[in-house]
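Reader: I would like a close look at one helix of this predicted model, along with the elements it packs against and whatever can be traced from there. Which residues carry the packing, and where does the backbone do something unusual?

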Amino acid sequence: MNRHDLKDTFFKKAKKEGYRARSIYKLKEIQEKFGIIKRGDRVLDLGCSPGSFLQYISEIIGENGLAIGIDILPTPSLNKKNIITIQGDIKNIKIETILTSHLVDSFDVITCDIAPNLTGIRETDDKNIGELFFAIKAIVENTLKKNGSFIVKSFFSEAFKPIQQDLKTLFKKVTIYKPQASRSSSSEVYLICLGKIRDPLPFPYQTGHSFPV
Ligand SMILES: C[S@@+](CC[C@H](N)C(=O)[O-])C[C@H]1O[C@@H](n2cnc3c(N)ncnc32)[C@H](O)[C@@H]1O
């Protein structure tokens with residue numbers, strides 16, 4: 001199947017099944033292979049808009065679970081009791097305030113499908129990816145519980161190896177996974193990070209490792 005057929009197939013499937021984006025099928029494949037998200041879990045979804053990951057997560061966690069989604073863009077309401085969406089840039093959002101106001105002390109799973117705006121200028125793009133990853137990693141270190149899991153979209157670039165290496169210091173196992181719903185021509189992959197080694201760092205939030213750029 002060529003790139004446009006694949007895009008079209010998953011787009012039509014998402015529309016038919018009532019999901020807001022075809023990204024759902026990438027998370028679904030990951031979930032079916034690794035079984036990461038469980039009933040009753042507390043899940044943080046970074047870069048959540050328009051909300052297809054949240055729709056799917058909501059089905060899995062059930063009424064006793066909670067999913068909090070954050071995006072720089074607004075996320076149209078999903079009308080589910082177990083979903084909260086917040087508009088903000090994850091590079092400067094006060095994550096501790098969000099946790100406190102929703103009575104959450106840590107997350108079981110964090111998903112991140114953020115696509116940084118790319119300029120095509122390699123040095124600029126790698127710097128932006130590095131800064132974004134630094135912010136994402138601080139959130140993971142500070143809010144993901146010990147033994148929790150992290151699913152993050154990444155792209156093969158100069159910045160990829162240091163990111164992968166850095167995550168290996170935080171998790172027992174880091175696997176690179178390319179879902180079939182992701183175009184083979186794209187450099188997009190997901191890093192499946194299982195078994196966080198340490199407890200969340202205490203308030204005030206800080207990062208224990210520096211980003212090696
Ligand atoms: C591919 S979309 C996510 C699709 C989503 N997983 C879904 O299933 O509907 C990537 C999202 O990352 C968001 N994003 C990019 N930079 C961000 C940032 N610094 N903080 C928060 N969200 C960001 C974009 O606004 C965009 O909505």
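Author: A note on terms comes before the helix. Strands are DSSP runs of E at least two residues long, helices are runs of H or I at least four residues long, and both are numbered from the N terminus. The coordinates are a predicted model.

The helix to look at is α5, residues 122–143. α5 has 22 residues, and 31 Å separate its first C-alpha from its last, close to the 32 Å expected at 1.5 Å a residue. Its buried residues are I129, L132, F133, I136, K137, A138, I139, V140, N142 and T143. This buried set packs against β1, α4, β4, β5 and α6 (160–168). In general, an α-helix has 3.6 residues a turn, so residues three or four places apart point the same way.

R122 belongs to α5 as well. R122 counts as exposed because it has 12 C-beta neighbours inside 10 Å, and the exposed class takes in counts of 12 or fewer. R122 and Q55 are 67 residues apart in sequence, with 34 Å between their C-alpha atoms.

V140, also in α5, is in another class. V140 is buried because 24 C-beta neighbours lie inside 10 Å, and 20 or more are needed for that class. Setting aside residues up to four places away in sequence, V140 touches I110, F150 and L170. The pair V140 and F150 is 10 residues apart in sequence and 7.7 Å apart in space, C-alpha to C-alpha.

β5 is one of the elements that the buried residues of α5 pack against. β5 spans residues 144–155 and includes N147. N147 is not a glycine, yet its phi is positive, at about 75°. Because 13 other C-beta atoms lie within 10 Å of N147, this residue is partly exposed.

β1 (42–46) is another packing partner of α5. L46 is found in that strand. L46 counts as buried because it has 25 C-beta neighbours inside 10 Å. Leaving aside its neighbours within four places in sequence, L46 is in contact with I70, I90, I110, C112, I114, I136 and I139. Among these contacts, I136 and I139 are buried residues of α5. L46 also lies 9.1 Å from V152, C-alpha to C-alpha, although 106 residues separate them in sequence.

Beyond β1, the loop that leads to α3 contains P50. The peptide bond from S49 to P50 is cis, with omega near 10°. S49 is also one of the residues that come nearest to the ligand, a group made up of S23, G47, S49, S52 and D113 out of the 21 residues around it. By class, that shell has 11 nonpolar, five polar and five charged residues. α3 (52–61) and β2 (66–71) each supply at least two residues of the shell.

From α3 the trail goes on to α2 (24–34). The axes of α2 and α3 come within 8 Å and cross at roughly 40°, and the crossing is right-handed. On the α2 side the contact is made by I24, L27 and K28, and on the α3 side by S52, F53, Q55 and Y56. Four of these residues are nonpolar, two are polar and one is charged. α2 has I24, Y25, K26, L27 and I30 as its buried residues. G35 follows α2 and has a positive phi, near 55°.

α4 (95–101) and β4 (107–112) are also packed against by α5. The loop between α4 and β4 holds L103, another residue that is not a glycine and has a positive phi, of about 55°. L103 is exposed because 7 other C-beta atoms lie within 10 Å.

On the other side of α4 in sequence, the loop from β3 (83–87) to α4 contains G88. G88 counts as partly exposed because it has 13 C-beta neighbours inside 10 Å. Not counting residues up to four places away in sequence, G88 touches I70, I72 and I93. I70 is also among the contacts of L46. G88 and R22 are 66 residues apart in sequence, and their C-alpha atoms are 23 Å apart in space.

Definitions and conventions
Residues numbered from 1 in each chain as written. Predicted model: local features only at pLDDT ≥ 70, side-chain atom pairs only at ≥ 80, totals over all residues. Near = placed C-beta within 6 Å. Nonpolar A, V, L, I, M, F, W, Y, C, P; charged D, E, K, R; others polar. Contact = placed C-beta atoms within 7 Å. Axes fitted to C-alpha atoms, helices over the stretch in contact; angles between N-to-C directions. Left-handed = near helix turned anticlockwise from the far one by under 90°. Expected span 1.5 Å × (residues − 1).
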